[in-house]
Amino acid sequence: MNAKIYKCAIGFKYTSHYISVILIADNYNEAKIKFISKCLEKFDEIKRIDFQMFYDKNEAFDRLPVKFENRQDLEKYLFENIDSDTIECLEECKFEIKDRYEN
């Protein structure tokens, strides 16, 4: 097992909120699946956030914020919008015993 720590975060245009999850996975694809699963698990919390609250009226209307009516809408959005900018590999999981007095 080559587990690594991943930080997965996705924001929504025009809002002050974003979703962030720290998880352990073997690779990017597993991290993406775990991230989406956690978001779907927390759907009831996510849908309470008003992701449409803040927007710039000068922007084009085709770029208005998303609204998630159900889990399928959220899942589709996440699969289409999660990429390497969304999921960051922080480091490999490590175990060390250190001497606190050693420099």
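Select K34 in this predicted model. K34 is partly exposed, at 35% relative accessibility. Now add E30, which is also partly exposed, at 26%. The two side chains form a salt bridge, and their closest N and O atoms are 3.3 Å apart. Both residues belong to helix α1, where four positions, about one turn of the helix, separate them. A general point applies here: an α-helix has 3.6 residues a turn, so residues three or four places apart point the same way.

Stay with the charged pairs and select K42 and E45. Their side chains meet in a salt bridge, with 3.8 Å from N to O. Both ends are partly exposed: K42 has a relative accessibility of 34%, and E45 has 45%. The structure has four salt bridges in total.

Another of them is in helix α3. Select K76 and E80, whose side chains are joined by a salt bridge of 3.4 Å, N to O. These two are four residues apart in α3, so about one helical turn lies between them. K76 and E80 are both exposed.

Keep α3 on screen and show the whole helix, residues 71-81. Which residues of α3 are buried? They are L74, Y77 and L78. Around the helix axis these three span an arc of only 95°, so they sit on the same side of α3. Turn the helix to view the face directed away from that buried side, and the exposed residues Q72, K76 and E80 come into view. Then return to the buried residues and show what surrounds them: they pack against β1, α1 and α2.

Before leaving α3, go to its start and select N70 and Q72. A side-chain oxygen of N70 comes within 3.1 Å of the backbone nitrogen of Q72.

Next, move to the interior. As a general rule, nonpolar side chains in soluble globular proteins tend to be buried together. The largest nonpolar core in this model has 20 residues. Select L23, F35, L74 and L78, the members that touch the most other members. To see where the core comes from, colour β1 (4-11), β2 (18-25), α1 (28-41), α2 (43-46) and α3 (71-81), each of which supplies at least two of its residues. Helix α1 gives the most, with five residues.

Centre the view on F35. What is F35 in contact with, leaving aside its neighbours within four places in sequence? The list is C8, A9, I10, I19, V21, L23, I82 and T86. L23 thus appears again: F35 touches it, and both are among the core members with the most contacts to other members.

Finally, select the cysteines C8, C39 and C89. How many disulfides does the structure hold? The count is zero. A disulfide is, in general, a covalent bond between the sulfur atoms of two cysteines. Draw a distance from the sulfur of C39 to that of C8, which holds the closest cysteine sulfur to it: the gap is 8.5 Å, too far for a bond. A pair would have to come within 2.5 Å to count. C39 is buried, at 2% relative accessibility, whereas C89 is partly exposed, with a relative accessible area of 38%.

Definitions and conventions: Residues are numbered from 1 along each chain as its sequence is written. This is a predicted model: local features need pLDDT of at least 70, side-chain atom pairs count only at pLDDT 80 or more; totals for chains, interfaces and linings use all residues. Side-chain values use heavy atoms; hydrogens and water are left out. A nonpolar core is a set of buried Ala, Val, Leu, Ile, Met, Phe, Trp, Tyr and Cys residues joined through side-chain atoms within 4.5 Å. Buried means under 20% relative accessible area, exposed over 50%, partly exposed in between (1.4 Å probe, protein chains only). Contact means heavy atoms within 4.5 Å. The arc is that of the directions from the helix axis to the C-beta atoms. A polar contact is a pair of N or O atoms within 3.5 Å; within protein, one must be able to donate a hydrogen and the other to accept it, and residues adjacent in sequence count only if both atoms are side-chain atoms.
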